[in-house]
Amino acid sequence: MFFNFGIKDAIDILLVGMMLYYVYRLMRESRSLNVFVGITIFVVVWLFVSQVLEMKLLGTILDKLVSVGVIALIVIFQEDIRKFLYNLGAHQRIRRLTRIFMPKHSKDKDKEQLKRDIMPIVMACMQMAKGKVGALIVIERGTALTDIVSTGEVVNADINQRLIENIFFKNSPLHDGAMIISQHRIRAAGCILPVSHNLDIPKELGLRHRAALGMSQESDALAIIVSEETGAISIASAGTFRLRLSAEELEAVLTEELM
């Protein structure tokens, strides 16, 4: 068997290893690592009993459990599976491929509008940072955030610096939630975001940062955070943070990510 080992077998093993590593990372982030270890042990025992020891009765029972278990796992881990499929479709190269089919005039028009959108957001964040006013702004990209918008109050207004500052003013009833910006408009405010359970988040970062990271893990949205304690501006994107940004850095990041 070992003499017939070829390049195809090496690629097969490499792909399986990469798949297992990705599943391991996904489970660790969702705090389901023990479940992953348990499933791995069960699969090893099943293969050992059915393929090595060739125990027919016990092997048959385990075969039935595996066939039913696949359906059970799909139900239990539907959110993780959805996240995996989303990450696959939202991969940067896949997104570049889909942009090829967009009309050129549509791309140019979007770029011009984005330039007009970015400056009010940057100026509002800088003013709030100076006054240590906490804020959480989510900018929709490819993934629709309709379900998140429904958790807050619909605003549906043009992107305006003063409006953003007024919504996050400390006495405003909407200042604790997140603002959703979609299709060049402020769609809603006071929205509730999914909170990340990532254990690697620094302890000095608060609930706004956890909510921003959770939103960036479940979608391709950008989440801008203004810290109420320090006034520092950060961005969460694709499950990672860019911390303590200056006005120039914030503008550069938004331009790079949104363009």
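A salt bridge is taken here as a side-chain nitrogen of Lys or Arg within 4 Å of a carboxyl oxygen of Asp or Glu. The legends below describe close-up views of a predicted model.

**Figure 1. Salt bridge between R162 and E165 in helix α8**. The side chains of R162 and E165 meet at an N to O distance of 3.3 Å, which places the pair within the 4 Å cut-off. Helix α8 spans residues 161-167, and because R162 and E165 are three residues apart in this helix, about one helical turn separates them. The two partners differ in exposure: R162 has 52% relative accessibility and therefore counts as exposed, whereas E165, at 17%, counts as buried.

**Figure 2. Salt bridge between E257 and R141**. The closest N and O atoms of E257 and R141 are 3.1 Å apart. E257 belongs to helix α10 (residues 247-258), while R141 is found in the loop between β1 (135-139) and α7 (146-149), so this contact ties together parts that lie 116 residues apart in sequence. Both residues of the pair, E257 and R141, are buried.

**Figure 3. Salt bridge between R242 and E257**. Here the closest N and O atoms are 3.0 Å apart. R242 lies in strand β7 (residues 240-242) and E257 in helix α10, so that the pair links distant parts of the chain, 15 residues apart. R242 counts as partly exposed, with a relative accessibility of 32%. E257, by contrast, counts as buried at 17% relative accessibility.

**Figure 4. Network of salt bridges formed by R141, R242 and E257**. The three residues R141, R242 and E257 are linked through salt bridges. E257 pairs with R141, with a closest N and O separation of 3.1 Å, and also with R242, with a closest separation of 3.0 Å. Within this network, E257 and R141 are buried, and R242 is partly exposed. In the structure as a whole, a search finds five salt bridges, among them the R162 and E165 pair of Figure 1.

**Figure 5. Cysteines C125 and C191**. C125 has a relative accessibility of 0% and counts as buried. C191 is likewise buried, with a relative accessible area of 4%. Both values fall under 20%, the limit for a buried residue. The structure holds zero disulfides, meaning that no pair of cysteine sulfur atoms lies within 2.5 Å.

Definitions and conventions: Residues numbered from 1 in each chain as written. Predicted model: local features only at pLDDT ≥ 70, side-chain atom pairs only at ≥ 80, totals over all residues. Heavy atoms only, no water. Helix = DSSP H or I, 4+ residues; strand = E, 2+ residues; numbered from the N terminus. Buried < 20%, exposed > 50% of the residue type's maximum accessible area, 1.4 Å probe, protein only.
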